[in-house]
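Open the model in your viewer and keep the selection box at hand. We will go from one stop to the next, choosing what to select and looking at what is there.

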Amino acid sequence: MMNLPSLPCTAFAGPDRIAQGPLAEVALAVKAFEAANPGRPTLTFDDATGAVIDLDLRGTDEEVLGRLADRARQASPPEPQAGEGARGRGRPRLGVVAREVTLLPRHWDWLGSQPGGASATIRRLIDEARRADDGAGRARAAREAAYRFMSAMAGDLPHFEEASRALFAGDAGTFAARIVGWPADIRDHVVRLAFPDAASADPA
């Protein structure tokens, strides 16, 4: 699980990028910015998902970082107790997480006939599907993250709809052409989220 204070993120004040990096550093940078610029609202975005991160910036820097650490602990699964989750003498734990899977009887029959049993077969099928994905899932997640960011920061900017269509079509050239007039920091960040390979290119 990602350590929350180390989560890569980016903060904006209006169209201006004011901080980028691990969440702990960005949170303190945002806190300092807001203190020096009262009345200028900020938004902080998760670079992986494009979602807005809610920051509690009250109090001292230490208190801000302490609350981030508390959130990370609350979001983490509890540590297993001694003897919990035993799988039989000598069997390694392997980090396996038990959850319910609902299948039809014919599916269970087929899984039960496979070498290694149902659990091993399901894991193997998932691994094969992930390999067959060949990056399509990562590309889809990147475009969805870019769209979340765009919706928050660029929904009222020119050519938003056309840019959105180009984004989900995977057309980096058309996308860049549609956002060329956007503020530079917004434009550069959305390209970095959506098309990492093209992030260093100038859309102009």
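Start with the largest nonpolar core of this predicted model. Select F149, M150, F175, W182 and V190: of the 20 residues in this core, these touch the most other members. Now colour the helices that feed it. Helix 5, helix 6 (160–169) and helix 8 (184–194) each supply at least two residues of the core. Which helix gives the most? Helix 8 does, with five residues.

Stay here and centre the view on F175. Leaving aside residues up to four places away in sequence, what does F175 touch? Show M150, A163, A166, L167, V190, V191 and F195, and you have its contacts.

Next, select L7, I53, L55 and L68. These are among the 15 residues of another core, which lies apart from the one around F175.

Now turn to the strands. Show residues 8–13 for strand 1, 16–22 for strand 2 and 43–46 for strand 3. Together they form an open, antiparallel sheet with the order 2-1-3. Strand 2 and strand 3 are the edges: each has a single partner strand, so one side of each is left without a neighbour in the sheet. Look along the sheet and you can follow a twist that averages 20° from one strand to the next.

Zoom in on strand 1 and strand 2, which are joined by six bridges in the antiparallel sense. For one of these pairs, pick T10 and look across to strand 2, where its bridge partner is Q20.

Keep the sheet on screen and add residues 23–36. This is helix 1, which lies across strand 1, strand 2 and strand 3. Compare its direction with that of strand 2: the angle is about 150°. Then add residues 136–153, helix 5, which also packs on the sheet and touches strand 1 and strand 3. Its direction makes about 170° with that of strand 3. You have met helix 5 already, as one of the helices that supply the largest core.

Finally, zoom out to the whole chain and colour by secondary structure. You will find eight helices and three strands, in the order β-β-α-β-α-α-α-α-α-α-α from the N terminus. Switch to a surface view: the chain exposes about 13,000 Å², with carbon and sulfur atoms supplying 53% of that area. Of its 204 residues, 28% count as buried. Among contacts with a separation of 6 or more, 51% are between residues 24 or more positions apart.

Methods: Residues are numbered from 1 along each chain as its sequence is written. This is a predicted model: local features need pLDDT of at least 70, side-chain atom pairs count only at pLDDT 80 or more; totals for chains, interfaces and linings use all residues. Side-chain values use heavy atoms; hydrogens and water are left out. Helices (H or I, at least four residues) and strands (E, at least two) are DSSP runs, numbered from the N terminus. Buried means under 20% relative accessible area, exposed over 50%, partly exposed in between (1.4 Å probe, protein chains only). Contact means heavy atoms within 4.5 Å. Accessible areas come from the Shrake-Rupley method with a 1.4 Å probe; for residues, only the protein chains shown count as cover. Two strands pair if DSSP finds at least two bridges between them. Axes are lines fitted to C-alpha atoms, for helices over the stretch in contact, and angles run from 0 to 180 degrees between N-to-C directions. A nonpolar core is a set of buried Ala, Val, Leu, Ile, Met, Phe, Trp, Tyr and Cys residues joined through side-chain atoms within 4.5 Å.
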